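Open the viewer, colour by chain, and keep the selection box handy. We'll hop from one spot to the next, picking something to select at each stop.

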Amino acid sequence: MLTISDECIGCTKCVKVCPFGALFMEGKVAKVNESCTLCGACLQSCSVNAIDIPRTIGTVDISAYKGVWVFIELLDAKDGKKQIRPIGHELLSAGKGLAAELKEELCAVLIGHHVSGMIDKLASYGADKVYLVENEMLQDYNTDSFSAVMCALVSQYKPSMVLYPSTYVGRDLAPRVATELFTGLTADCTGLSIKNGHLLQTRPAFGGNIMANILCPEKRPQMATIRPNVMKKNPPVAGAKAVIVTVNIPIDKSIIRVKTVKKLIDESHGIEKIDEAKVIVSGGRGMKDRNGFKLLEELADELNGAVGASRAAIDMGLKPKPHQVGQSGTTVSPTLYIACGISGAIQHLVGMESSDIVIAINKNPDASIFNVAKYGIIGDAHAIVPRLTEALKNRKKA
Amino acid sequence: MEIISLIKQVPDSTRVKVDPVTGTLIRAGVPSILNPYDHFALEQAIKLKKEHNAKLTVLSMGPPQAEEVVRLALSLGADRGILLSDRAFAGSDTWATSYTLAQAIRKIGKFDLILAGMMAIDGDTAQTGPGVAQQLRLPQITFCNELKVEGKKLIAKKLIEGGHEIVECIMPVLCTMIMPHEYHPSYPSFMSIYKAQVEKPAELWSLKNIDAEIKLLGLEGSPTRVDKIYPPVSKEKGTMYNGSPSEMVEILIQILKEEEVI
Amino acid sequence: MSSVDLISLRLMLNSLKQYWKKNLSLDFLQELDKKNEYPKKVIDDFYDPNILGVNYLLIPSEFGGIGGNNVAVYQLCEMLGRIDLGIATTAFATFLGCDPIRVGGTPEQNAKWMGRIAAEQMIVAYGATEADAGSDLLNLKTRAKRVEENGKITGYRITGNKQWISNGGVSDLYTILALAPGGASWFIVEKGTEGFSADKHEDKHGIRLSNTTGLALDDVYVPVDHLVGLVEGQGFVQAQAVFGYTRLMVAAMALGVGSEANETAIRYAQQRILAKGPLSEKMGYMHKLIVPHAVNLEAARCFIDRNSKRLDEINEGLQTEGAIAKYFTTEVADNCADDSIQALGGYGYTKDFSPEKLKRDIKIAKIYEGTSEILQMTIQRDRWQEHLKTKGGFYINMAREMDAVHAKNPDVGADSASLCLKGLSAILEVCRTERLTRHQHVTFKIGDLIAKAEVSHSFVIAASQDKLFEGVRFDKETYQAMARVNARETAFNVILDGIKLVTGAGNVDAHALAAQTNLIQIIQKQQQITADMDLLSVKLCEIFNAR
């Protein structure tokens, strides 16, 4: 229960920011009523730290928490409208299996402004229910407003788990919510399953050199962030419908403390976005120079794919950073990944090993890249790649 | 202006392996370093300190040997260095770590800006910075690569999907920093190290130095549990081919056909 | 005494290491080596208090330096040796050049000159050696004539030539040994003094980044207060006083070179695949080219560490230990560098890999600051006195110490070390009764046996401690296996060599000698040495892994 101490000076700021009208003035001090969801929005407004939400120490009643939730991140589309970031579909697909095993509902959390048109799409990827919070203050992502909304929703509806994308937005939001709600959060998961009714979260650590399985046995909801392109997307089911739960959470603009002045979208990005490409031709140190990469670009063109690079190649300046595949770059899982002159350092492997088909071309038969390749070609990529491009061109002509 | 820089000592991660038999980390011969993201954030803090004549305090949490990174920070130019070290903090996950750091920051008292690396390279979570901000009810700006202070206002350039964003916030605020791709951390001269040792001893804080609820610390205060750790499983080796380039091209065409890529 | 604590020392070494990794690639160093070029910019950075300021560790804190103790200084020297022995020599030569002032200067001279050296980031050279005066400084030819006014000495005029002077062409300040009417004395000469000039930079086999020249002094005038200590005739005493720690420094530099060579070979061995497996899994390769050197280097490290710590306590002396440290380490490092070329095969023979340069560089360490042969003689001379004074008890007492260690900790090879020391005492006794030290060959060889036996004794003590000293990168199990291997090998080699030596030079009864030296027991102690070496092969690869 939220408490207001006698430090209260009666400034009324908290009453104004409460999204649920749970705070009111009684004489010269603020009081709280039963509509309080413990969302915490008021805490930051109090200049004398009179408001407190004591933490529940020890085990919570985990049986009171039901439902697998997915936080849906929205992206700016080219036409200026919002669209669902594809990771949302991946998380719904992953959440579907978990929900089925637990016999719980799969729910999407959709926060924004004029976004209800996306609900059917979420349903087609398996959402049984969509929590919809619409408000002009929620047009763009903001840490303060979105965390207040998430805390309020979770406190009120008590899901057993919440999955977030491991993106700039997800990694900004999830730790604030988990901290406020005193629950566990596991970052950058690459695997999710159920163990004794709990969410078993698998993640790499130490730059991919080890894997760890993490549980959150005594707190709810269990929270995790998951990297894009790690979970397999289910095919959408046309005509599927979801139950819509509209929640009205008014946001007072005074709770928004960090303000965006300007957005600078990189022009080059998006031309050859490697995280969405179906085919990636990737090069490493073995490609030696920019001419080597030119060979890869020609092959990628022929296969309608993008060009990736290992960290070593990026460090050598052979490709700009957005092309980097691996732990410190982008995780990819295309249908076809062709690795040329890449030895296969662990940090690279964790970023591409979930690709459907991996073909590796390397002179060194002991290169680690062969350990993850379905097909290993021992040879010089400088000799093989141009010939392959040529052969593909000839096939097209024929 | 008062700045607090949060730093962590980490093993040089790229060289850590798991013993396949015992499932424990092999740390022999692996040196400890200052987490590079924190190192970069610290350098930004030092820059701001110089520009605005600020006071810079570094705060770290870890075993006693983590004093080394606090001393490194002092040698690089921090004014005050605190290491939080107590057996009661052992086994902390990001929640308990955030809580402990936040309680220490409350004890430090006044501050305008808290800087931290976006993440530590041993855990790769990026959760502790936002966790501290939430514990302290502070606004946060994550994934920053440039900072500027104008009066009471902090202006930051931060990463967003597909580009950057310029944001601003009235201080106090907590920022987490990414680091440039070609980042060469700076290291102190012998004299700076010596002077820091003589003039600015690191303060060692235990549980007694902060006001903390003991049940929110360490393992007990950590909602998450490590079920097990293990080496990454390597996939079964695929089919290998060897031969002249033209033979290899023929085989590749065959593979692409079989896999229905072409 | 030292103001540098362990954390500061680690941070300093790390700053140096990071500078190395960022700025001093092997290609860069090989290029300078090829061009025979002194790395001015690098040395400037090394001396700049805002960049590295390595030299300040060697300047006492009261004069504006840091005043690192011997432990700090040896660890610095090891790191410098790893980076480049030429650069190490440049830093070392400044230190050596300051030494006559630090040891023999008046407080006023110290304040003035050490203060200037610190404040002006001066590079200093030590000018003792001449064409006919190297190990035999007594042949000194450079003369200092008094300049007198009204019956009062006002200055000196120095004339002569110096040879093989490190930093000769690049120094700001020189300490010059010259024969004054009252005897050999040190004089302080500033760069640019009239009549003073440096010859051309030598074309050397190794340490080609270190500037080495001759010096010509043609009637060079210095005022009287440039006479170190203001009293003539103290030169040799002042030169001798520092050998304890300067030789420990050279030993540490050699340790750095050897370790770098050894670790390079270990990493290479894990990458080079031969007949379906890495070389690191080939026992014949590892036991010949890698493991023995790793053990010897670790033995050298512990001896240097132990005596640096002793020197920090007692503040002066330990000339014999300094000689042993330098003799043992430089020999071991040279052998290791040689075998590291072998370990890399054809690659090792090219300039693309470091062992080629390390091998050329390390050679000088066996020559400067006392050649190996002079040191063998020094070691024998000093310990022979001890042997006679104690009526053979010197090594028997050390053996008893080993017995006590063995009773507490049977896993560190103390039993073998005890047998070795007892046997050594017996061999020295035979030399005495048979008057074998009249053969110079015998005295030199005895110096060698003594060095090996005493290093092994230190290794056993270090391995039996609860906590291994700072700088050891191995776990206890591995470290103890190293001490065991070393103790057994040393016992075997010292006693067999000793037997051969006295049998060859004198008229001794083989059976009696074998009994006196417990030869059979020493042979029995060799059991399990192969298993220990197998363990070490694995552990070395774990610690110095290829990635």
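Which residue stands opposite Arg203(A) in β14(A)? Select Arg203(A) and look across to the neighbouring strand: the residue facing it is Ala212(A). Bear in mind as you go that this is a predicted model.

**Stop 1: the strands around that pair**

Widen the selection to residues 198-205 of chain A, which is strand β13, and residues 210-215, which is β14 of that chain; five bridges hold the two together, and they run antiparallel. Now bring in the rest of the sheet. Its order is β12(A)-β13(A)-β14(A)-β14(B), an open sheet of four strands with antiparallel pairing. At the edges, pairing on one side only, you'll find β12 (191-195) of chain A and β14 (225-230) of chain B. Tilt the view and you can look for the twist: on average, neighbouring strands here are turned by 25 degrees against each other, direction ignored.

Next, add residues 87-102 of chain A. That's helix α2, which lies across β12 and β13 of chain A and runs at about 0 degrees to β12(A).

**Stop 2: a second place where A and B share strands**

Select residues 259-265 of chain A and residues 163-170 of chain B. These are β17 of chain A and β11 of chain B, paired in the antiparallel sense over six bridges. To get your bearings, click Lys262(A): its bridge partner in β11(B) is Ile166(B).

**Stop 3: the whole A–B interface**

Time to zoom out and show both chains. Here 82 residues of chain A are in contact with 80 residues of chain B. Between them the two chains bury about 7300 Å², with carbon and sulfur atoms accounting for 59% of it. Pick out Tyr168(A), Arg176(A) and Phe206(A): this trio supplies 11% of the area that chain A buries against chain B, more than any other three residues.

For the polar side of things, there are four salt bridges between chain A and chain B. Show the side chains of Glu180(A) and Arg137(B) to see a salt bridge whose closest N and O atoms are 2.2 Å apart. The count of residue pairs in polar contact between these chains is 33 (both at pLDDT 80 or more). Then highlight helix α5 (residues 168-180) of chain A, since eight residues of it make the largest share of the side of chain A that touches chain B. Colour that side by class and you should get 41 nonpolar, 18 polar and 23 charged residues.

**Stop 4: where C meets B**

Switch to chain C. What does its contact with chain B involve? The answer is 29 residues of chain C and 19 residues of chain B. The buried area is about 2300 Å², and carbon and sulfur atoms give 60% of that. Two salt bridges cross this interface; for one of them, select Arg71(B) and Asp5(C), where the closest N and O atoms are 2.7 Å apart. Helix α1 (residues 6-23) of chain C brings 10 residues, the largest share of the side of chain C that touches chain B. That side divides into 14 nonpolar, 11 polar and four charged residues.

**Last stop: a hairpin in chain A**

Finish with residues 23-26 and 29-32 of chain A: strands β2 and β3, antiparallel and joined by four bridges. Met25(A) stands opposite Ala30(A). Two residues sit between the strands of this hairpin, and Gly27(A) takes a positive phi near 65 degrees.

How values were computed:
Residues are numbered from 1 along each chain as its sequence is written. Chains are lettered from A and ligands numbered from 1 in the order in which they are written. This is a predicted model: local features need pLDDT of at least 70, side-chain atom pairs count only at pLDDT 80 or more; totals for chains, interfaces and linings use all residues. Side-chain values use heavy atoms; hydrogens and water are left out. Contact means heavy atoms within 4.5 Å. Buried area is the accessible area (1.4 Å probe) that two parts lose on being put together, summed over both. Ala, Val, Leu, Ile, Met, Phe, Trp, Tyr, Cys and Pro count as nonpolar, Asp, Glu, Lys and Arg as charged, and the others, Gly among them, as polar. Two strands pair if DSSP finds at least two bridges between them. Axes are lines fitted to C-alpha atoms, for helices over the stretch in contact, and angles run from 0 to 180 degrees between N-to-C directions. A polar contact is a pair of N or O atoms within 3.5 Å; within protein, one must be able to donate a hydrogen and the other to accept it, and residues adjacent in sequence count only if both atoms are side-chain atoms.
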